[in-house]
Amino acid sequence: MPTDLAARESQSNDLALLGLMQLVSPALPIGAFAFSQGLESAFELGWVSDEQSLAKWLSGVLEDGLTRCELPLIARLYSAFELSDSNAIAQWDEWLAATRETAELAAEDSRLGASLKRLLGSLDLLPDEDLLPAQAGYVTLFSYAAHRRGVSKRQALLGFGWAWLENQLAVACKALPLGHTAAQRVIEQLRKELVSAVDQALLLDDDELGPVLPGVALASALHETQYSRLFRS
């Protein structure tokens, strides 16, 4: 009956939403809290020192980084998982690894990917072995998990961006004199930018992809030898 079909669809949508919430939760045990993506070094260098400069830094990383790299890659990987296209999955996973400009950024992606793969395995959610690259990175595993949970492609991009933003603000609250209310003001400022970033990411052609983040690359490289630090990147 139509009512039964509607009920099943509603339950499926609810489960997908809960699956996305689980995937982007700071409580997900993959160790994302240990990485700052060069932000801690930006604090040390004085490039980011308060709420305003933090919002400006994150806005730039979102526009010139996630919009051109991780977000459109999630869309492509999601489509590849829909088609069980192992060649495309491997291609984009390798492409993403090649964009990591420092040892720390590369290590973050590989370690989080390995942790998420172990977690999915413990939940009996991994696909056939030949579908995933042996050393798949975090973005690839995130894309697969979103597809496996029935999350829509657009919601997967929004969720990934939200998780990145929350993690960056958690870093700032630990390493800067930044209160949680100030962090919420930054979120309020960047929410619309995140939606716009997803809109743009979904429209980019392959030859338009690639992050343009020299400041992040330099901060990350300097962080590798920073004397005192709280984070692994």
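Three helices, α1 (2-24), α6 (103-122) and α7 (138-148), each put at least two residues into the lining of the largest cavity. Helices here are DSSP runs of H or I with at least four residues, numbered from the N terminus. A cavity is a set of points, on a 1 Å grid over the protein atoms alone, where a 1.4 Å probe fits but cannot get out, and lining residues have an atom within 4 Å of a point. This is a predicted model, so keep in mind that local features need pLDDT of at least 70 and side-chain atom pairs count only at pLDDT 80 or more, while totals for chains, interfaces and linings use all residues. Residues are numbered from 1 along each chain as its sequence is written, and side-chain values use heavy atoms, with hydrogens and water left out.

How big is that hole? The volume of the largest cavity is about 100 Å³, counting the space filled by probe spheres set on points joined across faces, edges and corners. The count of cavities of 30 Å³ or more comes to one. Around the largest cavity you'll find G19, Q22, L23, L28, L116, L119, L120, L123, L125, A145, R148 and R149. Sorted by class, that's eight nonpolar, two polar and two charged residues; Ala, Val, Leu, Ile, Met, Phe, Trp, Tyr, Cys and Pro count as nonpolar, Asp, Glu, Lys and Arg as charged, and the others, Gly among them, as polar.

A145 leads us back to α7, where nine of 11 residues are buried, meaning under 20% relative accessible area with a 1.4 Å probe, protein chains only. The buried set in α7 includes Y138, F142 and A145. Just past this helix, G150 has a positive phi of about 80°.

Helix α4 (residues 70-82) is a similar story: 11 of its 13 residues are buried, so the rest of the structure largely encloses it. Its cover includes α3 (51-66), α5 (86-98), α7, α8 and α9 (180-201). Its end C-alpha atoms are 18 Å apart, which agrees with the 18 Å expected at 1.5 Å a residue, taken over one less than the number of residues. After α4 comes S84, with a positive phi near 55°.

Finally, the largest nonpolar core has 73 residues, with W57, L58 and L116 making the most contacts inside it. Such a core is a set of buried Ala, Val, Leu, Ile, Met, Phe, Trp, Tyr and Cys residues joined through side-chain atoms within 4.5 Å. Helix α8 (residues 153-175) gives the most to this core, 11 residues. Beyond its neighbours within four places in sequence, W57 is in contact (heavy atoms within 4.5 Å) with L39, A42, W47, V48, G215, V216 and A219.

Conventions. Buried means under 20% relative accessible area, exposed over 50%, partly exposed in between (1.4 Å probe, protein chains only). On a 1 Å grid over the protein atoms alone, a cavity is a set of points where a 1.4 Å probe fits but cannot get out, and a pocket is an open set with protein on both sides within 12 Å along at least five of seven lines; lining residues have an atom within 4 Å of a point.
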